[in-house]
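Let's take a walk through this protein together, starting from the whole chain and then stopping at a few helices and residues. Keep the viewer open as you read.

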Amino acid sequence: MTGPDGPGPLHVEVTGKSGRPLVFLHGFAASSFTWRKWVPDLARDHRLYLMDLKGFGSSPVPRDGLYAPQDHADLVLQAIRDRDLRDAVLVGHSLGGTVALLTALHLFREEPERLAGLVIVSGAAFPQRLPLGVLLARLPLLGWLGTHLIPGRIIALAVLLRACHDWSGITREQVEGYSRPFRGGRDRYGILRTARQILPRDLAKLTERYPELRVPALLIWGSEDRIVPAWVGSRLEEALPDARLLLLKECGHVPPEEYPDETLAAVREFLEGLSRITGGGRVP
């Protein structure tokens, strides 16, 4: 099965055979395009739920002002409940990593049967300096002008130049794919509102709760990440009770793009280990 999965506040693309559900959450100003290099392989024996966050990708852009990380997490929780997903692994990149952690904190405490593990890729998890692109998008006038007047391909290229360590690996396919949220008259309200609310409420208190997440976690980071530095991954590995950090040398903020084979192999190994612990996953 491949295709959008029913009505709801989020666009969810579903692919793969029945098996452990994997819920994918992309980063800021991106979409499920982020995961395309992992999808064909993982779909062979897992059920993949590729979620576009509210206001991004193909998801609706309601003008309700609710675009903080917890607001995004609440909608992910709703999508998980609507599909009655159990034994799921949450996979989040960058902002999606923040949303995955917030979602996991609720599930582990209130609905533990739904959560089996975490894969956090370059996830924003602790207080840090905001990336330049987010800072610019937070400015009331400059943010609007930048997202509406600068061509989408130029924005995407600028983001990739900041995110990737090796610029020679940037392809036309990447520029086209990452520019889609900025093209075709797409409403940029969600991008701008998310930028202005991107710092989670009570972030310090949230980080104190990470030790509650007693589920296996794989953390994937680039040693040259200029957006969410590698120290965030190291600190998150220390905070989570059962986490392993894969730190890739000469890699920036998008390991699935820069090292697709190595990162996919690590995710595969993690999921196989999880299956040995839990006896596999299931989708009702």
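What follows goes from the overall chain to two helix pairs, and then to three individual residues.

Please bear in mind that this is a predicted model. The secondary structure of the protein chain comes to 12 helices and 8 strands. Of its 284 residues, 56% are buried. If you look at contacts with a separation of 6 or more, 79% of them come from residues 24 or more positions apart.

Let's begin with helix α2 (residues 69-82) and helix α3 (residues 95-110). Their axes come within 9 Å and cross at roughly 60°. An angle between 35 and 65 degrees falls in the oblique class, so α2 is oblique to α3. The crossing of this pair, α2 and α3, is right-handed. On the α2 side, the residues that meet α3 are P69, Q70, H72, A73, V76, L77, I80 and R81. Their partners in α3 are L95, T98, V99, L102, T103, H106 and L107. Sorted by character, the residues of this contact divide into 9 nonpolar, 5 polar and 1 charged.

Now move along to α6 and helix α7 (residues 172-179). Here the axes come within 8 Å and cross at roughly 115°, which makes α6 roughly perpendicular to α7. The crossing of α6 and α7 is right-handed. From α6, the contact draws on G152, R153, A156, L157 and L160, while α7 supplies Q174, V175, E176, Y178 and S179. This contact of α6 with α7 has 5 nonpolar, 3 polar and 2 charged residues.

It is worth staying with α7 for a moment. Which of its residues are buried? In α7 they are Q174, V175, G177, Y178 and S179. These buried residues of α7 pack against α6 and also against α11 (255-258).

Back in α6, which spans residues 152-163, find L161. Is L161 buried or partly exposed? With a relative accessible area of 29%, L161 is partly exposed, because that value lies between the 20% and 50% cut-offs. Leaving aside neighbours within four places in sequence, L161 is in contact with W167, I170 and R226. L161 and G252 are 91 residues apart in sequence, and their C-alpha atoms are 9.9 Å apart in space.

The next stop is T34, in the loop between β3 (21-25) and α1 (39-42). T34 has a relative accessible area of 4%, so this residue counts as buried. What does the side chain of T34 reach at 3.1 Å? The answer is the backbone oxygen of S31. Beyond the neighbours within four places in sequence, T34 is in contact with H26, H93, Y178, P256 and E257. You have already met Y178 among the buried residues of α7.

Our last residue is L219, in strand β7 (residues 217-222). L219 is buried, with a relative accessible area of 0%. Setting aside neighbours within four places in sequence, the contacts of L219 are I120, G233, L236, E237, L240, A243, R244, L245 and L246. For one of these, E237, the C-alpha atom is separated from that of L219 by 7.3 Å, with the two residues 18 apart along the chain.

Methods
Residues numbered from 1 in each chain as written. Predicted model: local features only at pLDDT ≥ 70, side-chain atom pairs only at ≥ 80, totals over all residues. Heavy atoms only, no water. Helix = DSSP H or I, 4+ residues; strand = E, 2+ residues; numbered from the N terminus. Buried < 20%, exposed > 50% of the residue type's maximum accessible area, 1.4 Å probe, protein only. Contact = heavy atoms within 4.5 Å. Axes fitted to C-alpha atoms, helices over the stretch in contact; angles between N-to-C directions. Parallel < 35°, antiparallel > 145°, perpendicular 65-115°, else oblique. Left-handed = near helix turned anticlockwise from the far one by under 90°. Nonpolar A, V, L, I, M, F, W, Y, C, P; charged D, E, K, R; others polar. Polar contact = N/O pair within 3.5 Å; in protein donor to acceptor, adjacent residues only side chain to side chain.
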